[in-house]
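This report looks at how a ligand is held by the chain shown below, and then at how the chain is divided and where its backbone departs from the usual pattern.

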Amino acid sequence: MGARPQFIKLAPVVKAFKDLNLPYKILHTGQHYDYTLSEIQFTALGLEEPHFNLEIGSDSHARQTARMLTGMEEVLVAQKPSLVLVYGDTNSTLAGALCAAKLGLKVGHVEAGVRSYDRKMPEEINRVVADRLSTYHYCPTEGAMNILKSEGIPGILTGDVMYDALLQVPQEALQHPFQRPFVLVTIHRAENTDSPERFGAIWDGLNLVSREVPVVFPVHPRTRHRHLALLGHGTKDLSLIEPVSYLAMIAMIRDAACIITDSGGVQKEAFLLKSPCVTVRDTTEWPETVDAGANLLVEPAAKPILEATLTMMRKKAWVADNPFGDGAASYKIARHIREHCL
Ligand code: UD1
């Protein structure tokens with residue numbers, strides 16, 4: 001693993017491995033290296049230091065992935081693991097699956113079968129390739145199982161490890177300094193941040209929202225680097241803050257009047273914490289949240305963002321079964337690995 005969402009997915013799996021006394025080693029590609037994206041997340045999640053850190057850092061997709069492959073190959077050849085477990089859909093997932101498969105090692109994909117069907121997203125390409133190369137496909141939902149089935153791949157229904165992570169959080173650790181009501185924002189995806197027009201329109205929307213309800217926006221380094229001049233220092237009602245730890249983020253999602261995001265993980269966490277969500281994207285890999293009425297997709301345009309946010313804020317509650325399992329996905333994965341690989 002190597003990027004923020006993967007530290008969250010890894011944490012419950014490591015806990016299950018420890019509880020079942022199974023051997024493992026953690027390889028960090030170093031894709032995320034900022035203190036706020038990497039180190040504070042490790043501390044918040046109670047994760048130990050990785051056994052290997054390739055310290056790859058940021059680069060173009062090809063160079064970043066190539067350097068990951070080179071670094072991983074050395075480690076995998078020396079370690080000869082019985083299985084390589086990859087998580088989600090980042091460049092670290094792609095590199096892990098590809099490197100292990102080429103070495104003839106078994107690959108397990110956690111969060112398999114998830115699709116947005118939007119090939120403009122690098123994450124979609126990473127997921128599809130990781131699924132083609134994996135030996136075992138640990139699916140978070142029935143929907144993901146069905147998608148894999150339609151592609152001729154048998155999945156294993158485990159539930160979602162991000163739900164496990166959420167349930168394992170100590171309630172007393174869930175704190176943040178913001179007064180309610182507030183709207184919580186995260187925008188960092190390449191398709192929203194790479195185009196100045198698209199990000200400018202989203203920024204205008206956030207400013208409109210902040211005239212109605214105070215907005216808190218933890219800014220991902222990608223977004224900050226690309227739009228330094230536009231973001232400035234924010235305004236009184238639009239607070240720009242550094243990325244926060246997993247625990248603070250969960251507390252803020254729980255307490256927000258509404259969440260505006262383009263993150264996959266945040267859409268799920270909003271649903272699980274019963275906070276309404278507006279997703280600034282054309283597609284979502286988590287249609288379950290939209291079907292439940294908990295999540296609304298909106299185009300990157302100022303007025304639609306405001307209108308969607310006001311609509312979702314008025315929404316009291318929704319009744320929906322939880323499609324993300326029973327909170328024991330990581331134990332199902334660990335037991336499956338014990339039976340088939342160790
Ligand atoms: C990556 C994942 C994305 C995930 C996100 C979570 C891919 C293709 N994308 O996106 O799916 O939702 O992580 O955060 O793998 N940067 C820093 N410091 C860091 C990391 C990144 O400043 O520690 C900046 C750099 O300007 C860099 C840019 O972010 O060029 C992109 O980083 P990269 O790791 O390629 O992807 P993310 O946008 O973080």
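In this predicted model, a polar side-chain atom of His-220 is placed 3.0 Å from an oxygen atom of the ligand, and polar side-chain atoms of Gln-31 and Arg-222 likewise approach ligand oxygen atoms, at the distances set out here.

| Residue (polar side-chain atom) | Distance to an oxygen atom of the ligand |
|---|---|
| Gln-31 | 2.8 Å |
| His-220 | 3.0 Å |
| Arg-222 | 2.5 Å |

Taken on its own, the ligand has 730 Å² of accessible area, and the protein covers 90% of that area.

The shell around the ligand holds 21 residues, of which Gln-31, His-32, Asp-34, Glu-123 and Arg-222 come nearest. Sorted by class, the shell is made up of 10 polar, 6 charged and 5 nonpolar residues. Three helices, α1 (4–19), α3 (61–79) and α10 (221–226), each contribute at least two residues to the shell, and the largest share, 3 residues, is supplied by α10.

Where does the ligand lie with respect to domain 1 and domain 2? The domain assignment divides the chain into domain 1, which is built from two stretches of sequence (4–160 + 325–341), and domain 2 (171–314). Because both domain 1 and domain 2 give residues to the shell around the ligand, the ligand lies between them.

The two domains also meet each other directly, with 22 residues of domain 1 in contact with 17 residues of domain 2, while the C-alpha centres of the two domains are 26 Å apart. Between them, domain 1 and domain 2 bury about 1700 Å², and 57% of this buried area is on carbon and sulfur atoms. On the domain 1 side, the residues that lose the most area to domain 2 are Thr-36, Ala-44 and Met-121, which together account for 22% of what that side buries.

Two details of the backbone deserve a look when the model is inspected. Most peptide bonds are trans, and most residues other than glycine have a negative phi. The peptide bond from Arg-180 to Pro-181, however, is cis, with omega near 0°, and Pro-181 belongs to the loop that runs between α7 (161–167) and β7 (183–186). The other detail concerns Asn-21, a residue other than glycine whose phi is positive, near 60°; Asn-21 is found in the loop between α1 and β1 (27–28), and α1 is one of the helices that supply at least two residues of the shell around the ligand.

Methods: Residues numbered from 1 in each chain as written. Predicted model: local features only at pLDDT ≥ 70, side-chain atom pairs only at ≥ 80, totals over all residues. Heavy atoms only, no water. Near = heavy atom within 4 Å. Polar contact = N/O pair within 3.5 Å; in protein donor to acceptor, adjacent residues only side chain to side chain. Areas by Shrake-Rupley, 256 points an atom, 1.4 Å probe, with all protein chains shown as cover. Helix = DSSP H or I, 4+ residues; strand = E, 2+ residues; numbered from the N terminus. Nonpolar A, V, L, I, M, F, W, Y, C, P; charged D, E, K, R; others polar. Domains from an automatic or database assignment. Contact = heavy atoms within 4.5 Å. Buried area = accessible area lost by both parts, 1.4 Å probe.
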